[in-house]
Structure formats: C-alpha cells, structure tokens
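Here are some notes for a first look at this chain. Keep the structure open while you read, and follow the points in order.

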Amino acid sequence: MAEPKKKSMLISHGIAAQNRKARFNYTILSTMEAGIVLRGAEVKSLRMGRATLTEAFAGERDGEMFLFNMYIPEYQGGVLSRFDTKGPRKLLLKRKEINTLIGAVARQGSTVVPLDVHFNPRGIAKVTLGIAEGRKQHDKRAAVAKRDWDRDKARLLRNR
C-alpha cells in the first residue's frame, strides 16, 4: 500500500502575512499592488508564513519606494545566505504609481501602509499597499462598536 501524501506546509499562493491592525488604526483610502525584491532565503522563509507586517511602512528613498521594518525571520533550512531580517526591501512599481504614492503622502498627509504580503497564482510575492489616514480614538471605538453589532446581528439572524 502506498503511504498517504504528506501535505506541504509551504504557501504556494495566497496570503503569507497580513497586517490586521492597519485596517483598525487607519482608514484605507485606496489600495495598490506592488512586487517586492526578495532573495532566495527570504522567499523560502516567507513561504513558511512567518513574516510580520505590524510595524512595517512604505516610504520613498532616492526616487524609489521601499518597504521598511518588515520582519522576515532567517530561513532555518540549512541555507548559508544570511540577510537583514528587518532591512529595507525595494518595491517594484511603475513611475506613475510611485508619483501617486509620493503625492498622496505629501499633499494629504497620508501614510503608505502594507496591508498584506501574498503570492499571486503564478507564485510571485506581492505586497498590497494602502494609502491610509490615521484614525482618531473615537473613530476606533465606533469601529469596534460597529464590528460587535454586526457580529451580534449575524448571530441573531442565524439563530432565528
């Protein structure tokens, strides 16, 4: 008898890391998808789903966009190439998209926040960036109250 196939724990497509706090702390005005420059060991570690985006932000340096403070742990699979776990990573965007992001930050006082890192159907790592405005404390309380009410409403309708 053949042994059952062991399921791989690697992420071939779908979300690898998500910044759930971003949607709570910020009002997302628009989103944009960007490629990200990664080395081989970083991709392997990202496919294991161990990256963290909670403190990450995107910014401009020398006319290009970079993702700062995104944590990707070192890959433990015996690979010798070491990399900076929180180093800046270049974002692959068209010039028009870069100008849009820079303009939004300069004019509106917005921030560029990474919402998630995912692998597209072709297996290429992408970052979803959001142009966001910070929420005030009372807005956060209203968001929590709305979320709780929606959950209670769904529970009532389901039990009916």
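The points below go from confidence to the sheet, then to the helices, the core and one arginine.

1. First, a word on trust. This is a predicted model, with a mean pLDDT of 86 over the chain, and 92% of the residues reach 70 or more. Among the elements, confidence is lowest in α2, at a mean of 85, and highest in β5, at 94. As a general caution, where pLDDT is low, the coordinates should not be read in detail.

2. Start with the sheet. It is open and has seven strands, and going across you meet β1, β6, β7, β2, β5, β4 and β3 in that order, with antiparallel pairing. The strands at the edges are β1 and β3 (57-61); each has a single partner strand, so one side of each has no neighbour in the sheet. From one strand to the next, the twist averages 45 degrees.

3. Now look at the β3 edge. β3 and β4 run antiparallel and are joined by five bridges. Two pairs to find by eye: A58 has L67 in β4 as its bridge partner, and G59 stands opposite F66 in β4. The two strands make a hairpin with two residues between them, and D62 in the turn has a positive phi of about 55 degrees.

4. Then go to the other edge. Four bridges tie β1 to β6 in an antiparallel pair, and there Q18 stands opposite D116 in β6. On to the next pair: β6 and β7 are antiparallel too, joined by eight bridges, with V112 opposite I131 in β7. This pair is also a hairpin, with five residues between the strands, and G123 in its turn has a positive phi of about 90 degrees.

5. Is β6 enclosed or open to the outside? Eight of its nine residues are buried, so β6 is largely enclosed by the rest of the structure.

6. What packs on the sheet? α3 does, touching β2, β3, β4, β6 and β7, and its direction makes about 70 degrees with that of β4.

7. Next, the largest nonpolar core, which has 30 residues. The members that touch the most others are I36, L46, M70, L91, L93, L101 and L129. Two or more residues come from each of β1 (14-18), β2 (26-36), α2 (40-47), β4 (64-68), α3 (95-108), β6 (111-119) and β7 (125-134). β7 gives the most, with four residues. In soluble globular proteins, nonpolar side chains tend to be buried together.

8. To get a feel for that core, pick L91. Leaving aside residues up to four places away in sequence, L91 touches A34, G35, I36, A58, M65, F66, L67, V127 and L129.

9. Last, have a look at R89, which sits in strand β5. Buried or exposed? With a relative accessibility of 2%, R89 counts as buried, since the cut-off for that is under 20%.

10. So what does the R89 side chain reach? It comes to 3.0 Å from the backbone oxygen of M70, and one of its polar side-chain atoms lies 2.9 Å from the backbone oxygen of G87. Again not counting residues up to four places away in sequence, R89 touches I36, V37, L38, E42, F66, L67, M70, I72, F83 and D84.

Notes: Residues numbered from 1 in each chain as written. Predicted model: local features only at pLDDT ≥ 70, side-chain atom pairs only at ≥ 80, totals over all residues. Heavy atoms only, no water. Core = buried A, V, L, I, M, F, W, Y, C linked by side-chain atoms within 4.5 Å. Buried < 20%, exposed > 50% of the residue type's maximum accessible area, 1.4 Å probe, protein only. Contact = heavy atoms within 4.5 Å. Pairing = 2+ DSSP bridges. Axes fitted to C-alpha atoms, helices over the stretch in contact; angles between N-to-C directions. pLDDT = per-residue confidence, 0-100. Polar contact = N/O pair within 3.5 Å; in protein donor to acceptor, adjacent residues only side chain to side chain.
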